[in-house]
Amino acid sequence: MADYNFQEIEKKWQTYWEKAQVFNAKVDTKKPKFYSLDMFPYPSGSGLHVGHPLGYIASDIVTRFKRLKGFNVLHPMGYDSFGLPAEQYAIQTGQHPAITTEQNIKRYTQQLKNIGFAFDWDKEVRTSDASYYRWTQWIFMQLFNSYYDKEEDRAKSIDSLIEKFEKEGNVGVHAVCDEDVLDFSAANWENFSEKEKQEVLLKYRLTFLAETTVNWCPALGTVLSNDEVKDGFSERGGHPVERKKMMQWSMRITAYAERLLQGLERLEWSEPIKEMQRNWIGKSIGAEMVFQVKGQDKQIKVFTTRIDTIYGVTYLALAPEHDYVHDLITEDQKDTALAYVEVAKNRSERDRMSDVKTISGAFTGSYAINPFNGEEIQIWIADYVLAGYGTGAVMAVPAHDERDYNFAKHFGLEIRQVIEGNMENGSFPGKGGTIINSGFISGLVMKDAMDKAIKFLEEKKIGKGKIQYRMRDAIFTRQRYWGEPLPVYFKEGLPYLIKEEDLPLVLPEVDKYLPTEDGEPPLGRAANWNYKTDEGEFPLEKSTMPGWAGSSWYFFRYMDPKNEEKLVDSEIEKYWGAVDLYIGGAEHATGHLLYSRFWTKFLYDIGVVSIEEPFQKMINQGMIQGRSNFVYRLKGTNTFVSHGLKDQYDTSAMHVDVNIVHNDQLNLEKFKAWRPDLEDADFILEDGKYFCGAEVEKMSKSKYNVVNPDDIIERYGADTLRLYEMFLGPLEQFKPWNTNGIDGVSKFLKKLWKLYHDNQGIFTVSDEKPRQEELKILHKTIKKTQEDLENYSFNTSVASFMICVNELTALKCNKREILENLAIIISPYAPHITEELWALLGNKESIIYAEFPEFKGEYLVENSHEYPVSINGKVRAKLPLPLSLGKEEVEKAALSDLTVQKWTDGKTPKKVIVVPGKIVNIVI
C-alpha cells in the first residue's frame, strides 16, 4: 500500500477490534487491574460535536497505555438514557421516548466507534432498560428498608429498628430521623395501629415521603432541581418556576454528611472539586435554640455558629417559605408582607444566595423574646434566609454579620456591638475579640462565651450545642413519564414496597406524556396502574425517579451487566473495586458525584459492595469552545463584504456555519445554498475571495459553530481527530476549536507513514542495528511519553512525537528496532495507523498485546561532543570528538584538522584554550 489511506485503514481495524472482541474485559487475578471510566452521556438528538469526545480520547489513551504496561483493563461505555429532552419530544410529537432514545443511541454508538475507542461494548448499560432499572428499583427498596444507626455510624435493616422499638421503644435509640419524632415506650409501640407504626418508621427510613418545598414548573409539569432553575425560569425551555410545597420522596443523604466530608481526604481529586463538595455539605458547629413568639404559643427555632453574640440580636429573619410566616403577619402588615412573600418565595435558592446586592424584606408585625435578656425583637421576612438550610430562621446580629448589617442599615434597625473592635467600616466577625455588652458572658473570649451560653441553653431546656450541615435531603421524585417507576404502592395513604420477585416494575403505556387533566403525573394516564396483593388492589406511585438515580451506581453494573441474580457478583466487584480513573465535567461536582458517593457508602453498609468510595482518581476535562465565523452584510441589502474591507462600509455581523468555511475562506456556493434568503446574495471580495471574521465562543447550534466529528473523520481520519484534540492544550483547560490548525497533525501522520516506506511508497524496514543517535531519539521519546501519560499531560506527548518523527526522518532511519517501538509508543494516541504499521512489520497479533518499550537511560548519555573551534574569535570549524578525550588530546585533534590548518596557515598558535565538552579557542 503506497499511500496512507486512512479511511480504508481505520475501517479495517475498527472491524477487526469488534469481531475479535479485543477490548472485552474478564477477571484475571494474575494481572493488576485498571478500571477506567468516562461519565456516560445522555444520548441527545443532536449527536456528538467535537467537544464531547475530549475526555473519552484522554481515557482511551490511558487505557491503551495501561494494557501495554500489563494491566487488565475495564473500559466500558453506556448511556444515561432517561431524560427530559426525549420526554419533551414525545409530548410534541407523540413518539414514545424509548423510540427516540434508541435512535439517538444508535447514532452515538456509531460516532464513538468511528473514533476508535477501546470500549468494552459487551458491557454496555442503558439506564432506561428494564433489565438495568430493575436494580435501581432494588436499591430504592433497600434504602426504604434501612435506617441510619448513629452509634454504629452505618445503615442497618429497618427490622433491627423494629426489634428495638418492641423491646424498649425509641428513647434509647440513636438514629437519624425527622425532628418531629415523639418519644414512645415499648408498650406504646405495641398499642400503635399498623398505620401508626408505618408513620413512625417513615420518619426513620433512608428514603421517605414528606411534604417538601420544591421548584415546580407548570409548563413542564414537573419538579426541577436547583441546578435546573436559573433566575426563576427552567433551564430547559425558559418556563416560569414557582416554589411550592408538595409530597415528595426524598433520600436521607444528610445521614451520610460526615462520612461524605471525611471521605474526600482519601480521594485523588482536584482541590476545587473537593472544596465545592465541602461547601455543599457545609458543616457548621454551633448551637440550636428557640425564641418564644410574643403573644402566641409558638417558638421559632434557630441555628447559629455564634451563640456568643446572642446579646447582639436585634431582629429575627424568617425565610419566605417558613411554616409560621402566615401566622405571624399581623393585620396592619398584611398587604405588604404577603405581597413580598409571593414574590420572594419564587426566587430560586441559588439566585437568593448569589444576589448579595439586592436587599429586600418585610416586617411581620410580630415580636419574639430573646431568652438571654428578655428583650422584644422584631420578626422580619427576608429572602436571604433559606427554608432548606438550618431551620429557615436566622437570629440577626447586624454588628457582626455583613448580610445582617446591610439589612439592618437598609431598614433602619438597631446595630448593637457585642465584640470589642473597630466598627468604622461596617460589621466585623470579631472571632478573636472579647465579648462586651452581653450580660453574664461579657469579658469572655469567643470559645468560653460559646461554652457558657450553650450551658445556659441546656439548663433552661431551650436549646443545645449542635453540628449542622448545609446539605439537605435529596428530593427523589419527578412528575415525569420517562424515568424509573418507584416500586411502591399506597394503602391507607401510606407507602408499601412491592415484592422483589415483581421487579422490574416496568413503565406502562400511556395515551399522552402530559400530566392528567386533574394535575396528576403522566403515569396517572396508565390503565390500571395498580398493584395486586392478597388484601386487594392498591394504587402505585405515579411519580418517577430523578435523572440521577440510574447514574448513581452504573459503575458497579458495568462489572457484571448480565447478572440476573445480583446487582453485581461479589467476587467480580472485589476484583475491579473502585474506579482508578474517572474523567468528566466539573459541572457534576455537587450532583452526580455526591449521590454516587452516597449510594456507594450505603451499598457498602449493607454488604453489597466492598468499597466506600466509587472514584479514586478523577480528572475534570475542560471545555472545547467553538470558533465562530462571521460574514458582514451591507445594512439594508443582501450584499456581504469580506472581512478585510468591512471597515470601509456600514455593515452588521452575522454568524455563518463554520462547516462552509475553510481557513476562514467562505465557500460562496455553499453559502448561497445555506438558507433560502441567501440565494441571490452578492459579495464584495478580496482578491477574488471572501474572508470571514472569527471569534471564540461557546460551541452551540445557535452560533453555527458546532463541528461534527463525523465530518472531521471523513476529511482527515479518526487518528488525526484524536491527536489534534490532545494537541489543543492541557486536558483540564478550556480551549478553542480551530479546524484551521488540524492540517499540521494530518501532515504529521503522513510523515509517520512515510518513515516506514521508501521513496517509491514501498514498505521498507531494515534489520540493521540502530545507530546511537537513533536509539537516543527513540528513548528520549519513550521517557517523555511515559512521564506524560503518568501525569496525564497528553498535549506535550503529541509534540514529542512530531519532534521524534522529524529527527528520524532527517536521519533516514528505517531500522526495525526503532520503528517497531515507535509504533507501540504512538499507538494509544493513533491506534489505527499504528495497528496497520504493526501488521506491516510482520506481527500477527494486534499491537494491543505488545509491551510498552522499556526506557534505557544509557542511550541518553552523551559520549561525544561537537567542538566549535574558534580562531582569533571566529568559529572556523566544528569537530565531533569523544567526550572521553582529555585536554591535550582535544588540542592535538584540533590542530591536526585540515580546516583548522587552512585557517592557521602553518603559523604556531600563541595560545590554545580547551574547555572539555564545550569549545576550543586558538589564538594566532
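Reader: Let's start with Tyr16. At 30% relative accessibility, what does Tyr16 count as, buried or partly exposed?

Author: One heads-up: this is a predicted model. A residue has to come in under 20% to be called buried, and over 50% to be called exposed. Tyr16 has 30% relative accessibility, so the label is partly exposed.

Reader: And where does Tyr16 sit, along with Trp13?

Author: The two residues are 3 apart, which is about one turn of the helix. Trp13 is buried, at 9% relative accessible area. Trp13 and Tyr16 both belong to residues 6-20, helix H1.

Reader: How many aromatic pairs does the structure hold?

Author: A pair here means two aromatic rings whose centres lie within 6.5 Å. Counted that way, the number of aromatic pairs is 62.

Reader: What kind of pair do the rings of Trp13 and Tyr16 make?

Author: Their centres are 5.3 Å apart, with the planes at 80 degrees. Planes over 60 degrees apart get their own label. At 80 degrees, therefore, the rings of Trp13 and Tyr16 are edge-to-face.

Reader: Back to the burial of Trp13 for a second: what is its relative accessible area?

Author: Buried means under 20%. Trp13 makes that cut, with a relative accessible area of 9%.

Reader: What about the rings of Phe184 and Trp189, are they stacked or edge-to-face?

Author: Here the centres are 5.8 Å apart and the planes are at 25 degrees. Planes under 30 degrees apart count as stacked. So the pair of Phe184 and Trp189 is stacked.

Reader: Are Phe184 and Trp189 buried or exposed?

Author: Phe184 has a relative accessible area of 5%. For Trp189 the value is 3%. The limit is 20%, so Phe184 and Trp189 are each buried.

Reader: Which residues do ring pairs link into a cluster?

Author: Ring pairs can chain together, and here they tie several Phe and Tyr residues into a cluster. Its members are Phe40, Tyr554, Phe555, Phe556, Tyr558, Tyr582 and Phe615.

Reader: Which residue lies over the face of Tyr632?

Author: For a charge to sit over a ring, it has to be within 6 Å of the ring centre. One example is Lys298, which lies over the face of Tyr324 at 5.4 Å from the ring centre. Over Tyr632, at 5.3 Å from its ring centre, lies Lys646.

Reader: Now for empty space. How many residues does helix H14 give to the lining of the largest cavity?

Author: There are 5 cavities of 30 Å³ or more, and the largest holds about 110 Å³ of space. Its lining includes Arg347, Asp355, Tyr384 and Arg403. Helix H14, residues 402-411, gives the most to that lining, and its share is 3 residues.

Reader: How many residues of that lining are charged?

Author: The lining of the largest cavity mixes residue types, with 4 nonpolar and 3 polar. The number of charged residues is 5.

Reader: Which residue just after H3 takes a positive phi?

Author: Helix H3 covers residues 84-93, and its buried residues include Leu84 and Ala90. Helix H4 is part of what covers the buried residues of H3. Just after H3, at a phi of about 85 degrees, comes Gly94.

Reader: Which helices help cover the buried residues of H25?

Author: Helix H25 runs over residues 816-826, and Ile818, Leu819 and Leu822 are among its buried residues. The cover includes helices H2, H22, H23, H24 and H26.

Reader: How far apart are the C-alpha atoms of Val900 and Ile871?

Author: Val900 lies in helix H28 and is buried, at 1% relative accessibility. Ile871 is one of the residues Val900 touches. They are 29 residues apart along the chain, yet their C-alpha atoms are separated by 8.1 Å.

Reader: What is the relative accessible area of Arg278?

Author: Arg278 lies in helix H10, and its contacts include Leu261, Glu265 and Lys283. Buried means under 20%. Arg278 is therefore buried, with a value of 19%.

Reader: Zooming out, what percentage of the chain counts as buried?

Author: The chain has 28 helices and 35 strands, and its C-alpha atoms fill a box of roughly 115 × 75 × 70 Å. Of its 924 residues, the part that counts as buried is 53%.

Methods. Residues numbered from 1 in each chain as written. Predicted model: local features only at pLDDT ≥ 70, side-chain atom pairs only at ≥ 80, totals over all residues. Heavy atoms only, no water. Buried < 20%, exposed > 50% of the residue type's maximum accessible area, 1.4 Å probe, protein only. Helix = DSSP H or I, 4+ residues; strand = E, 2+ residues; numbered from the N terminus. Contact = heavy atoms within 4.5 Å. 1 Å grid on protein atoms, 1.4 Å probe; cavity = no way out; pocket = protein on both sides within 12 Å on 5 of 7 lines; lining within 4 Å. Points joined across faces, edges and corners; volume = space filled by probe spheres on them. Nonpolar A, V, L, I, M, F, W, Y, C, P; charged D, E, K, R; others polar. Phe/Tyr/Trp six-rings, centres within 6.5 Å; stacked < 30°, edge-to-face > 60°. Lys NZ or Arg CZ within 6 Å of the ring centre and 35° of its normal. Lists of a residue's contacts leave out its neighbours within four places in sequence.
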